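Me: Hey, I've got a new structure to look at and I've never seen it before. Can you walk me through it?

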Amino acid sequence: MADIRTPLPVKLFVGILTSIPSLLPEIEARLSGLFGSVDSKSDLFLFDQTNYYDAEMGNPIHRCFFAFTRMIDASEIADVKIATNAMETDFAARNLGVLRPINLDPGYIEQSKVVLASTKNFFHRILVSKGIYAEVTLHYQSKRWQDFPWTFPDYKSSHYQEYLSSLRALYRNQLSAAGFQIHQRSPRHT
């Protein structure tokens, strides 16, 4: 019988989509109020792999990521997604010229994977809690990010993966500074 171990904390991030980049300082302030200080921000990336959101959000749409100093227990991702959905609703109620001014996609990074939260169930998503599902979007193997058939096209891009690699390095440094072992074990059958 395998021993049950306490999992390592994970690094929370939120991906932000918006066609109104001037909202980003306010978004950062609101997210910091919920999750603590931001210790990493990505560049602003053009979100042009799909026009799926254009009708609600306008165009052009940009994405950026904010990551937070405080690490969380992975099970907290459901509450994080519920909080970011409420924040989206608040922004939508302000009549900023588009139906959906912001789209907030929380997730977390571990040494071996990137996990995103969703309200939508599908075969590759697992229920976490309270109607929130989680999916492994990327996994880290052979010193690089590997995608899956369901990985969103933007997460397959080199600029996202470069940022996620820098975030992974920051996370590993945080684990080390907190006294956690950061070596990676190979998965085994139990």
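Reply: Sure. One term to start with: a residue is called buried when its relative accessible area is under 20%, exposed when it is over 50%, and partly exposed in between. Keep in mind that this is a predicted model.

Me: OK, so how much of the protein is buried?

Reply: Buried residues account for 44% of the 190 residues in the protein.

Me: And what is it built from, in helices and strands?

Reply: The protein has four helices and nine strands. Going along the sequence, their order is β-α-β-β-α-β-α-β-β-β-β-β-α.

Me: What about the overall size, what box do the C-alpha atoms fill?

Reply: Along the principal axes, the box is roughly 55 × 35 × 30 Å. The radius of gyration is 17 Å, which agrees with the value near 16 Å that a compact globule of 190 residues would have.

Me: How many of the contacts join residues at least 24 apart?

Reply: Counting contacts between residues at least 6 apart in sequence, 68% join residues at least 24 apart.

Me: Switching topic. How many salt bridges are there?

Reply: The count comes to 12 salt bridges. One of them joins the side chains of lysine 11 and aspartate 39, at 2.8 Å from N to O. That pair links distant parts of the chain, with lysine 11 in strand 1 (residues 11–18) and aspartate 39 in strand 2 (residues 38–41), 28 residues apart.

Me: Is lysine 11 buried or exposed?

Reply: Lysine 11 is buried, because its relative accessible area is 0%. Aspartate 39 has 28% relative accessibility, so that residue counts as partly exposed.

Me: Does anything else touch those two? I mean, which residues does glutamine 174 touch?

Reply: Leaving out residues up to four places away in sequence, glutamine 174 touches Lys11, Asp39, Thr69 and Met71. So both partners of that salt bridge are on the contact list of glutamine 174. Glutamine 174 sits in helix 4 (residues 158–177), and its relative accessible area of 16% makes it buried.

Me: Back to the salt bridges. Which residue does lysine 41 pair with?

Reply: Lysine 41 pairs with glutamate 28, and their closest N and O atoms are 2.9 Å apart. Here strand 2, which holds lysine 41, is linked to helix 1 (residues 24–35), which holds glutamate 28, and the two residues are 13 residues apart. Lysine 41 is partly exposed, with a relative accessible area of 48%.

Me: And what does arginine 30 pair with?

Reply: Arginine 30 forms a salt bridge with aspartate 90, with 2.9 Å between the closest N and O atoms. Arginine 30 is in helix 1 and aspartate 90 is in helix 3 (residues 77–92), 60 residues apart. Both count as partly exposed, arginine 30 at 31% and aspartate 90 at 39%. There is also a network, in which salt bridges that share partners join Glu56, Glu88 and Arg100.

Me: Last topic, pockets. How much space lies in the second largest pocket?

Reply: About 600 Å³. Its lining has 24 residues, and the closest to the centre are Tyr53, Asn103, Asp105, Lys120 and Phe152.

Me: Which elements give two or more residues to that lining?

Reply: Helix 3, strand 5 (102–109) and strand 6 (113–118) do.

Me: How does the lining divide into nonpolar, polar and charged?

Reply: Eight nonpolar, six polar and 10 charged residues line the second largest pocket.

Definitions and conventions. Residues numbered from 1 in each chain as written. Predicted model: local features only at pLDDT ≥ 70, side-chain atom pairs only at ≥ 80, totals over all residues. Heavy atoms only, no water. Salt bridge = Lys/Arg side-chain N within 4 Å of Asp/Glu carboxyl O. Buried < 20%, exposed > 50% of the residue type's maximum accessible area, 1.4 Å probe, protein only. 1 Å grid on protein atoms, 1.4 Å probe; cavity = no way out; pocket = protein on both sides within 12 Å on 5 of 7 lines; lining within 4 Å. Points joined across faces, edges and corners; volume = space filled by probe spheres on them. Nonpolar A, V, L, I, M, F, W, Y, C, P; charged D, E, K, R; others polar. Contact = heavy atoms within 4.5 Å. Rg over C-alpha atoms; globule rule 2.2 N^0.38 Å.
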